[in-house]
Amino acid sequence: MKSDIEIAQESVMSPIEDVAASVGIDRDDLEFYGKYKAKLSDELLDKISKNKDSKLVLVTAVNPTPAGEGKTTTSIGLAQALWKRNKKAVLALREPSLGPCFGIKGGAAGGGYAQVVPMEDLNLHFTGDFHAITSANNLLAAMLDNHIQQGNELDIDTRQVVWKRCLDMNDRSLRNLVVGLGAKADGFVREDHFVISVASEIMAVFCLAEDMDDLKKRLSRMIVAYTRDGKPVTAGDLKATGAMAALLKDAIKPNLIQTLEHTPAVVHGGPFANIAHGCNSVRATRTAMKLGDICVTEAGFGADLGAEKFFDIKCRMAGLKPDAVVLVATVRAMKYNGGVPKTDLSEPNLEALKKGICNLEKHIENIQKYNVPLVVTLNRFVTDSDEELKYVEEFVRGKGCDFALSEVWEKGGEGGLDLADAVINTLDTKTSSFKPVYNENKPIKEKIETIAKEIYGAGAVTYSAQADSEIKRMESLGLDKIPVCMAKTQYSLSDNEKVLGRPDGFTLNVRELYPSAGAGFLVAVTGSIMTMPGLPRKPAAEGIDVIDGKITGLF
């Protein structure tokens, strides 16, 4: 079969105004970025605000292998299949980060015959949203250091500067550094840090903001440092809000592109789920829900991260109620969780599958705790044996779940018809009684421990002295009655990526806690998770090139 990029480059895209017209969007409501990309105008969002909300379907997954398990591919293929069943489906997806694109995973535009296009544009610069977020983040950092240099009127303690610079690239050398070296005019010498742009609080704020006014309020209350007597200093205190908003003025408008089968896709925002909240923007989801019959969205990595944060953070804050969940599993992920090395996942191994299927079992149980109807789909790979596929189906049905095999990578929408039928049947016959898993008004440690024990399967939680101190500070600042965003490895239910399967009774270690006051949640950092990833020994970037004017190697 052809590579993803070959399939994408050989596809015949429809003009974006034709894709928009399929869901009732006029040409005048589009702001064009070439023939095949457009931003949706603020006027359109106002115009459709009175439309009835469509059904909301979340696509999530089991804990992935390092290569990913096709969650976005399944989301795209499902939307394409729903159109074949005469359901007007609209996708709401995240924008990819350059970090994994050039690192391990490659692109994030789906795969095979279930992709969003133009694939190269989406995976690289797209409409410039991430550049705008990076610029806004670093403008704030520059204004903060300039304030200190110009007399420090706010009495900022330079040992308690918490705002970090960012870059949308995996670059471990920037995790810890010293700025301000040189002459007196070059700044005040202090330790500084970078995070990847998708971990910036501005990305979280951007994705949770309802409109420009809400965006400015959230930007204003972001905490950048503390004074010598322990009081928080915000972006508003630095008078940086307006300038940041100016940089984000166009970025805040959702983007419209299409799938290979011309299904509309609203793609906007992209926080990582292992170090941020892992969901596309609220504006994108609301827009998609106003344009069709069914909105298909996804949340990053496994259900222990993306789905938990979608439910407990995004849905809670935006007042969304998911109508169904599609849980994506693969035979190879279960064999990986059963102890098979990544290099051997293509070989049939029923015993390893039986050992690792407990990971899927835990995710099924977790989704059921939110009282949302569930469909489990197996993303089929050509190397899966009939015996393995049959075992998984029988296991899932034995758990009382609907099941469908998905072959969208190979066949596009046609390969997702069984899944589409299962989703339609679930939406028609079952009712969601969605409820978050914890009460946001409970103490900070109780919220962390609820997630750790109920969702991860931990037996206990320990806190570093630093985390304990930060929890007390949050309580004193009145920032304890908000949701918690867990920063944790995606490869395990625990905080140790090497512990696969279904660990039980382990101790989760919280080493750091800090406020995302603009976003409206606290971040609890566990284990050895990094907010600035590094490149692998052989990064995907080594295989990317431009030949005869075409990008190659982007998969």
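## Helix α7, a three-stranded sheet and helix α4

In this predicted model, helix α7, formed by residues 129–149, lies across strands β7 and β12 and runs at about 135° to β7.

The two strands beneath this description belong to an open sheet of three strands, ordered β7-β12-β13, with antiparallel pairing. Its edges are β7 and β13, each of which pairs on one side only. From one strand to the next, the twist averages 50°. Strands β7 and β12 are joined in the antiparallel sense over two bridges. Along this pairing, V161 stands opposite A225 in β12.

The table lists the residue ranges of the helices and strands described in this report.

| Element | Residues |
|---|---|
| Helix α4 | 71–84 |
| Helix α7 | 129–149 |
| Strand β7 | 156–161 |
| Strand β12 | 223–227 |
| Strand β13 | 232–234 |

A further element is helix α4, which comprises 14 residues. The distance from its first C-alpha to its last is 20 Å, close to the 20 Å expected at 1.5 Å a residue. Helix α4 is mostly covered, with twelve of its 14 residues buried. The buried residues begin with K71, T72, T73, T74 and S75, continue through I76, G77, L78 and A79, and end with Q80, A81 and L82. In general, an α-helix has 3.6 residues a turn, so residues three or four places apart point the same way. Just after α4, residue N86 adopts a positive phi of about 65°.

Key. Residues numbered from 1 in each chain as written. Predicted model: local features only at pLDDT ≥ 70, side-chain atom pairs only at ≥ 80, totals over all residues. Heavy atoms only, no water. Pairing = 2+ DSSP bridges. Helix = DSSP H or I, 4+ residues; strand = E, 2+ residues; numbered from the N terminus. Axes fitted to C-alpha atoms, helices over the stretch in contact; angles between N-to-C directions. Contact = heavy atoms within 4.5 Å. Expected span 1.5 Å × (residues − 1). Buried < 20%, exposed > 50% of the residue type's maximum accessible area, 1.4 Å probe, protein only.
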